[in-house]
Amino acid sequence: MTEKIWFPLVFFTRWISKSWKVPHWRVFCFHDVPDRESFETFLNYFAKWYTYVPFTNGVQAIMNGRVSTTIASLRFDDGFLSQFEHALPVLHQLGYSGILGVVPKYVDAGRLIGNRVPDPAMNWTMVKIWQEHGNELANHSFSHRRLVECSAEEIENEAITAAREIHKNTGTWTLDFIYPHGRFSPFTQRILTNLGFATQSTIVRGKMNSNHPTDRIHGDQVDLTRPLLKTEIILRLGELSPRLRKAALALKRVAHKRLKDPRHDPRVT
Ligand SMILES: [Zn+2]
């Protein structure tokens, strides 16, 4: 896909979506960070709209009803080794802070075991270095199970065992929980709230305003291998009403078709 298709689409979605200049908080959620360059380029691109703040500052802003500007936080799920090797140096260099969703079973194994691709994971020394560089840690469950498929006892066990392991290895009690696979329900929310977690993070897309509930914090998943314009389009489409989203997606399909049609391909002579 060439860049040329993204330009009209990004202007169209900018036109139909709500402004990003009004105060709100957003959480960008990363998994594999393929290289330093793509991560730094991403941060610089979205710095057009956002000031990057630690996750905790964003939470405080929504809790105190004081989201007075456009702020974004950076969340890293699962503890990929690539997050340590590629994201941490960039965060350090630019003076930004990220929150890391730790899965103790992955850290112990050194791999994201059970995943389709068992990518290498950070070890506990790396998790500690992450924290010592001014970054935060979150509980991402002990073994990354889908909590919506678990009993109350199993959910408690996943959260408590992870909290204990993270404390044992880093000295920190984590009060922020990130849902494995982004799956949550009123049942899981109630259990984690009762356990005393201050926040629960999801992969529901979109902006958050003052007084957004802390037991379903949004997270916009980002794929750093995608063109940035495409990422912006995805974020903006996620914020549209269902009717407008349908219309925008129909337009995108037409644009794709036109580009695939050899009659519209300038390379075909
Ligand atoms: Zn995860």
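**Entry 1. Helix α7**

I began on the outward side of helix α7, where Glu-153 and Lys-168 are exposed. The model I am reading is a predicted one. I then listed the residues of α7 that are buried: Ile-155, Glu-158, Ala-159, Ala-162, Ala-163 and Ile-166. Viewed down the helix axis, these buried residues of α7 fall within an arc of 115 degrees, so they line one face of the helix. I noted the general background: an α-helix has 3.6 residues a turn, so residues three or four places apart point the same way.

I next asked what covers the buried residues of α7. The cover includes the strands β4 (98-102), β5 (136-139) and β6 (176-178), together with the helices α5 (104-109) and α8 (186-195).

I also checked the length of α7, which comprises residues 152-170. Its 19 residues should span 27 Å at 1.5 Å a residue, and the C-alpha atoms at its ends are 27 Å apart, which agrees. Just after α7, I found Gly-171 with a positive phi of about 80 degrees.

**Entry 2. Helix α2**

I turned to α2, which covers residues 36-46, and found Phe-39, Phe-42 and Phe-46 buried. These three cover an arc of only 60 degrees around the axis, which puts them on the same side of α2. On the other side of α2, I recorded Glu-37 and Asn-44 as exposed.

Which elements do the buried residues of α2 pack against? I found two strands, β3 (70-77) and β8 (220-222), and two helices, α4 (81-94) and α9 (228-237).

**Entry 3. Strand β1 and its partners**

I looked up strand β1, residues 24-30, and found it mostly covered, with seven of its seven residues buried. His-24, Arg-26, Phe-28 and Phe-30 point one way from β1. Trp-25, Val-27 and Cys-29 point the other way, and the residues of both sets are buried.

I then traced the pairing of β1. With β3, β1 pairs in the parallel sense over seven bridges. With β8, β1 again runs parallel, and three bridges join the two strands. I followed Phe-28 into both neighbours: its bridge partner in β3 is Leu-74, and in β8 it stands opposite Asp-220.

**Entry 4. The nonpolar core**

I asked which residues of the largest nonpolar core touch the most other members. The core has 57 residues, and those with the most contacts to other members are Phe-28, Phe-30, Ala-87, Leu-100, Val-102, Val-107 and Ala-138. Phe-28 and Phe-30 I had already met as buried residues of β1. As general background, nonpolar side chains tend to be buried together in soluble globular proteins.

I examined Val-107 in detail. Leaving aside residues up to four places away in sequence, Val-107 touches Gly-79, Val-102, Ala-121, Met-122, Asn-123, Trp-124 and Val-127.

**Entry 5. Three loop residues**

I located Ile-113 in the loop between α5 and α6 (124-132). Is Ile-113 buried or partly exposed? Ile-113 has 15 other C-beta atoms within 10 Å and is therefore partly exposed, since the partly exposed class lies between 12 or fewer neighbours and 20 or more. Not counting residues up to four places away in sequence, Ile-113 touches Lys-105, Tyr-106 and Pro-118. I also noted the distance from Ile-113 to His-144: the two are 31 residues apart in sequence and 9.6 Å apart in space, C-alpha to C-alpha.

His-144 is found in the loop between β5 and α7. His-144 counts as buried because it has 22 C-beta neighbours inside 10 Å. The phi of His-144 is near 65 degrees, a positive value in a residue other than glycine.

I found a positive phi at Asp-78 as well, near 80 degrees, and Asp-78 too is a residue other than glycine. Asp-78 lies in the loop between β3 and α4. Asp-78 counts as buried, with 23 C-beta neighbours inside 10 Å.

**Entry 6. The protein overall**

I closed with the whole protein, in which there are ten helices and eight strands. The radius of gyration is 20 Å, close to the 18 Å that the globule rule gives for 269 residues, so the protein is as compact as a globular protein of that length. Along the principal axes, the C-alpha atoms fill a box of roughly 65 × 40 × 40 Å.

I recorded 36% of the 269 residues as buried. Of the contacts with a separation of 6 or more, 67% are between residues 24 or more positions apart.

Definitions and conventions. Residues are numbered from 1 along each chain as its sequence is written. This is a predicted model: local features need pLDDT of at least 70, side-chain atom pairs count only at pLDDT 80 or more; totals for chains, interfaces and linings use all residues. Helices (H or I, at least four residues) and strands (E, at least two) are DSSP runs, numbered from the N terminus. The arc is that of the directions from the helix axis to the C-beta atoms. Two residues are in contact if their C-beta atoms, placed from the backbone, lie within 7 Å. The radius of gyration is taken over C-alpha atoms; the globule rule is 2.2 Å times the number of residues to the power 0.38. Two strands pair if DSSP finds at least two bridges between them. The expected span of a helix is 1.5 Å times one less than its number of residues. A nonpolar core is a set of buried Ala, Val, Leu, Ile, Met, Phe, Trp, Tyr and Cys residues joined through C-beta atoms within 7 Å.
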